[in-house]
Amino acid sequence: MPFPRHAILALALSGEVAIAAPSLIIVNAHVFTADPAQPRAEAVAVEDGLFSAVGGNAQIRALASPATRVIDAGGRLATPGLIETHVHLGSTLPSAPLLMPGLPFPGPTPEQALAAVAAAARTSGDWISAWIGPLVARDQRNWRVALDAVAPNRPVLLRGFWGHTAIVNSAALLRIGIAEDVADPIGGHWRRDAAGRLNGRADEGASPVPEIGATPNDPAKLAPSFQAAAQRYARWGVTSIHLMNSGKTLEVTLDTLAKAETPQKWTVYSWATGAVPSIAGAWSAMDAAPKTLPLRVRIDGPKWMLDGTPIEQNALRREPYAGRPDWRGRSNHSDAQLREILQTALRRPGQVSLHVVGDAETDRVFAMMESLASADAWREKRVRIEHGDGIRDDTLAQAARLGVVVIQNPTHFPPAGAPRRPAEPHSMLKSLLAAGVPIALGSDAGAEEANPFLNIMLATTYAAFPPEALSREQALLAYTAGAAYAEKQERSKGRIGVGMAADLALLSQDILSVPLAALPATRSLLTLVDGDIVFEDPTLTDTSSPK
């Protein structure tokens with residue numbers, strides 16, 4: 001049997017065996033390894049896409065040959081490459097969005113939105129599009145009738161900026177070919193009035209349909225936006241991206257990534273709503289994917305939207321929503337459908353990703369999991385709970401027992417002083433870790449808003465509930481080792497250690513010590529993916545030979 005590479009590297013460091021000199025060495029760094037066995041170091045060496053040595057400056061310099069590139073980090077913080085664990089890319093509207101006041105929160109009032117649409121309808125053009133916030137999304141009027149009154153002859157699409165709801169008029173329904181007898185898609189709802197006529201609202205799995213119908217996905221047109229996102233991520237030190245593949249087929253996304261040729265590693269979580277004809281069809285779409293994928297791209301999932309969000313008040317809660325005593329939200333799937341989703345996940349390889357937000361929906365999912373298999377079986381599956389805001393004190397131990405991993409989004413947390421009913425629970429961070437529930441952090445955003453250092457700042461302040469705030473080290477671990485664990489890739493990336501993928505970010509400032517308010521200004525000066533330099537700031541010091 002071949003001698004393990006990590007053993008050869010260890011012997012090389014001790015001088016007992018010689019190996020090829022590294023191609024790249026970084027010295028004089030403050031290295032945060034995310035590895036409990038060696039949490040700090042001064043220097044690293046890279047060879048063949050892997051970290052070949054991690055240690056002190058003199059030790060690592062001694063490995064260099066005249067051909068080795070040596071970079072002096074100037075005492076800066078080097079971390080494992082950051083991993084964005086939850087982002088949506090490629091969402092578009094069929095026309096330039098109208099200017100709407102109050103976005104993102106609370107967004108325009110219904111009257112402001114209708115006035116903006118009416119003004120646009122008096123001009124020439126085709127589609128009228130706009131992003132909306134919760135004030136419009138929560139308004140229960142018949143929006144089809146209201147929009148028809150102000151824009152009878154032009155198609156209108158109002159889209160919730162968070163992606164769970166869409167509002168259209170009759171002209172839009174006609175344009176995208178939605179008939180009155182349209183069936184609800186798996187995990188989605190076309191709302192209707194008392195007479196059974198469509199009222200213009202499309203929620204959850206139905207909500208992307210108007211957008212896709214109005215602006216069919218074209219990989220050639222999507223590729224530039226993916227390239228631009230990848231460039232921004234490289235400048236933030238993000239080396240892996242978990243793409244929640246909303247609004248696009250898996251085929252379109254894979255074609256887009258092939259055309260974009262981005263440097264990062266992608267895990268594409270196949271989407272299981274919208275055009276999916278059945279529960280089984282979601283996995284069939286994954287099986288039909290090409291066997292040869294674009295470089296550094298893998299497929300996992302699928303992702304299931306089990307309920308909505310508090311923004312449009314469709315997350316399923318234990319208690320009614322404020323001002324709606326008879327409404328607690330809703331599940332997107334029946335008990336039979338949820339059972340089929342979880343049973344199929346147990347039988348198949350890979351992970352399953354569950355969007356679960358409301359506490360009542362969380363209760364339902366955990367109870368169903370317990371009824372179907374042992375905790376050991378679920379721990380092996382490592383179910384992803386996207387958002388996890390519905391985990392409560394009385395289900396915390398259950399979450400730990402089932403081995404779920406929670407993907408949390410600090411950008412969702414309310415700001416300090418935000419109104420909240422006294423009994424309204426908070427989302428957890430520190431309590432999850434204390435209970436043994438692994439966490440990872442993601443933005444749940446599009447490319448423009450995915451700054452990981454903003455997310456780290458919000459996680460380490462948690463202004464609305466400071467007892468749940470993370471330490472900076474905990475937040476950084478959630479963006480590196482924790483994020484790799486969330487996709488079952490912890491043996492190959494997420495840490496700086498011998499034999500691990502050489503994914504690294506050399507940061508412009510020490511995010512473990514700078515003032516909190518300064519965190520979002522952090523940038524990467526050097527970003528490595530599998531040892532390849534995908535971004536480099538010209539101010540770095542490059543020495544031609546070891547000293």
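User: Are Arg 191 and Asp 203 buried or exposed?

Analyst: In this predicted model, Arg 191 is buried and Asp 203 is buried as well. Their side chains meet in a salt bridge, with N and O 2.7 Å apart. Arg 191 belongs to strand β12 (residues 188-192) and Asp 203 to strand β13 (residues 198-204), so the pair ties together parts that are twelve residues apart in sequence.

User: OK, and what does Arg 159 form a salt bridge with?

Analyst: Its partner is Glu 211, and the closest N and O atoms of the two are 2.9 Å apart. This pair links distant parts of the chain, since Arg 159 sits in strand β10 (residues 156-160) and Glu 211 in helix α7 (residues 208-214), 52 residues apart.

User: Why do Arg 159 and Glu 211 count as buried?

Analyst: Arg 159 has 5% relative accessibility and Glu 211 has 7%, and buried means under 20%, so Arg 159 counts as buried and so does Glu 211.

User: How many salt bridges does the count come to?

Analyst: The count comes to 28 salt bridges. Some residues are linked in a network of salt bridges, namely Lys 265, Arg 296, Asp 503, Asp 530 and Asp 532. Within that group, the side chains of Asp 530 and Lys 265 meet at 2.8 Å, N to O. Asp 530 lies in the loop between β22 (524-529) and β23 (532-536), while Lys 265 lies in strand β15 (residues 265-271), so this salt bridge ties together parts that are 265 residues apart in sequence.

User: And how accessible are Asp 530 and Lys 265?

Analyst: Asp 530 counts as partly exposed, at 24% relative accessibility, whereas Lys 265 counts as buried, at 13%.

User: Switching to the sheet with β15 in it, what is the strand order?

Analyst: It is an open sheet of eight strands with parallel pairing, in the order β8-β14-β15-β16-β17-β18-β19-β20. The strands at the edges are β8 and β20, each with a single partner strand, so one side of each is left without a neighbour in the sheet. Direction ignored, neighbouring strands of this sheet are turned by 25 degrees against each other on average.

User: Can you walk me from β17 towards β20?

Analyst: Strand β17 (residues 353-356) runs parallel to β18 and is joined to it by four bridges, with Val 356 standing opposite His 387 in β18. Strand β18 (residues 384-387) then pairs with β19 in the parallel sense over three bridges, and here Arg 384 is opposite Val 405 in β19. From β19, parallel pairing over three bridges leads to strand β20 (residues 439-441), where Ala 440 is the bridge partner of Ile 407.

User: What do β18, β19 and helix α14 make?

Analyst: With helix α14 (residues 396-402), strands β18 and β19 make a right-handed β-α-β unit.

User: Which way do the β19 side chains point?

Analyst: In strand β19 (residues 405-408), Val 405 and Ile 407 point one way, Val 406 and Gln 408 point the other way, and all of them are buried. In a regular strand the side chains alternate between the two faces of the sheet.

User: Last topic, the surface: which residues form a nonpolar patch?

Analyst: Leu 103, Phe 105 and Phe 161 form a nonpolar patch on the surface, and together they have about 270 Å² of accessible area. Phe 105 is placed in the loop between β8 (82-87) and α3 (110-121).

User: Why does Phe 105 count as exposed?

Analyst: Its relative accessibility is 52%, and exposed means over 50%, so Phe 105 counts as exposed.

Definitions and conventions
Residues are numbered from 1 along each chain as its sequence is written. This is a predicted model: local features need pLDDT of at least 70, side-chain atom pairs count only at pLDDT 80 or more; totals for chains, interfaces and linings use all residues. Side-chain values use heavy atoms; hydrogens and water are left out. Buried means under 20% relative accessible area, exposed over 50%, partly exposed in between (1.4 Å probe, protein chains only). Helices (H or I, at least four residues) and strands (E, at least two) are DSSP runs, numbered from the N terminus. Two strands pair if DSSP finds at least two bridges between them. A crossover is right-handed if, with the strands pointing away from the viewer, the path from the first strand over the helix to the second runs clockwise. Patches are made of residues with over 30% relative accessible area and no salt bridge: like charges are joined within 9 Å, nonpolar side chains (Val, Leu, Ile, Met, Phe, Trp, Tyr) within 5 Å. Accessible areas come from the Shrake-Rupley method with a 1.4 Å probe; for residues, only the protein chains shown count as cover. A salt bridge is a side-chain nitrogen of Lys or Arg within 4 Å of a carboxyl oxygen of Asp or Glu. Axes are lines fitted to C-alpha atoms, for helices over the stretch in contact, and angles run from 0 to 180 degrees between N-to-C directions.
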